[in-house]
Amino acid sequence: NMQRERSEVAIYIFTYGKQTLGLNLSERFAITDEALEKMPWPEMRVSEDNEKMFKSKLRFQIRHGDFRQRISQDEEDINSILNWYNSANAVFLNHLSTGIKTTNSSSVWRYLIAYANLLRCIENLGIAVAYGIRYYGQGKITHDNYVQFIRHFTLGDEYLDQSQNYVPRVKQEYDIIKD
């Protein structure tokens with residue numbers, strides 16, 4: 001939901017509020033809030049910069065709400081918005097990866113790695129999409145943004161390939177979707 005929220009915020013900002021991906025931002029925020037509310041909050045190892053924000057679910061929800069207010073009041077530039085979502089998503093994905101590393105069951109280990117790789121694929125493709133939306137909404141892209149687009153698109157492909165290598169069923173399902 002955080003990944004989807006980033007995409008919806010990006011299209012909203014890059015099209016100057018004229019287009020959405022089907023939901024308005026209030027609806028998207030409510031869906032993300034509901035998912036966060038249902039989520040059991042783990043104790044996460046994070047950098048000093050993020051330590052306070054991820055100390056508890058309530059603290060994260062408050063910071064997330066404050067951040068959203070700055071978006072709606074046009075107080076944030078798009079790079080800081082994307083960086084905020086990327087940073088928050090990275091913490092969740094790193095926590096998931098750490099949990100997988102401590103899994104003792106060899107029978108599910110491949111599936112957990114494939115799942116984490118699929119989430120990382122979605123994360124990188126979401127970042128690439130944000131750069132694509134920027135081009136679509138503004139009609140131009142800087143060299144650095146183009147490099148970042150290619151980087152994240154390629155990483156998304158690599159994570160997808162890794163998932164398919166760990167669990168062949170992922171490739172079968174992907175081929176069905178692709179066709």
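Does Phe153, at 40% relative accessibility, count as buried, exposed or partly exposed? In this predicted model, Phe153 counts as partly exposed at that value, because the partly exposed class lies between under 20% for buried and over 50% for exposed.

**View 1. The ring pair of Phe149 and Phe153 in helix H7.** Both Phe149 and Phe153 belong to helix H7, which spans residues 143-166, and they lie 4 residues apart, about one turn of the helix. Phe149, with a relative accessibility of 25%, counts as partly exposed, and Phe153, at 40%, falls into the partly exposed class as well. The ring centres of Phe149 and Phe153 are 6.0 Å apart and their planes stand at 20 degrees, so the pair is stacked.

**View 2. The ring pair of Trp41 and Phe54 and the aromatic cluster.** The count of aromatic pairs in the model comes to 12. One of them joins Trp41 and Phe54, whose ring centres are 6.4 Å apart with planes at 10 degrees, so this pair is stacked. Trp41 lies in the loop between H2 and helix H3 (48-51), whereas Phe54 lies in the loop between H3 and H4, so the pair ties together parts that are 13 residues apart in sequence. Trp41 and Phe54 are both buried. Ring pairs link these two residues with Phe60, Phe67, Trp84, Tyr85 and Phe92 into a cluster.

**View 3. The largest nonpolar core, with Trp84 and its contacts.** The largest nonpolar core holds 25 residues, and those with the most contacts inside it are Phe54, Phe60, Trp84 and Tyr85. At least two residues of this core come from each of helix H1 (2-14), helix H2 (25-38), helix H4 (57-72), helix H5 (78-101) and helix H6 (106-138). Helix H5 gives the most to the core, with 8 residues. Not counting residues up to four places away in sequence, Trp84 touches Met2, Met53, Phe60, Arg63, His64 and Phe67. In soluble globular proteins, nonpolar side chains tend to be buried together.

**View 4. Ser87 in helix H5.** Ser87 is found in helix H5, and its relative accessible area of 27% makes this residue partly exposed. The C-alpha atom of Ser87 is separated by 8.8 Å from that of Asn50, although the two residues are 37 residues apart along the chain.

**View 5. The largest pocket and its lining.** About 490 Å³ of space lies in the largest pocket. Its lining comprises 17 residues, and the closest to the pocket centre are Asn1, Met39, Phe92, Leu93 and Leu119. The elements that give two or more residues to this lining are H1, H2, H5 and H6, and H5 gives the most, with 5 residues.

**View 6. Leu118 and Arg110.** Leu118 lies in helix H6 and, at 28% relative accessibility, counts as partly exposed. Leaving aside residues up to four places away in sequence, Leu118 touches Leu160, Ser163 and Val170. The C-alpha atoms of Leu118 and Phe149, which are 31 residues apart along the chain, are separated by 18 Å. A charge placed over a ring is also shown in this view: Arg110 lies over the face of Tyr111, at 5.5 Å from the ring centre.

Technical notes: Residues numbered from 1 in each chain as written. Predicted model: local features only at pLDDT ≥ 70, side-chain atom pairs only at ≥ 80, totals over all residues. Heavy atoms only, no water. Core = buried A, V, L, I, M, F, W, Y, C linked by side-chain atoms within 4.5 Å. Buried < 20%, exposed > 50% of the residue type's maximum accessible area, 1.4 Å probe, protein only. Contact = heavy atoms within 4.5 Å. Phe/Tyr/Trp six-rings, centres within 6.5 Å; stacked < 30°, edge-to-face > 60°. Lys NZ or Arg CZ within 6 Å of the ring centre and 35° of its normal. 1 Å grid on protein atoms, 1.4 Å probe; cavity = no way out; pocket = protein on both sides within 12 Å on 5 of 7 lines; lining within 4 Å. Points joined across faces, edges and corners; volume = space filled by probe spheres on them.
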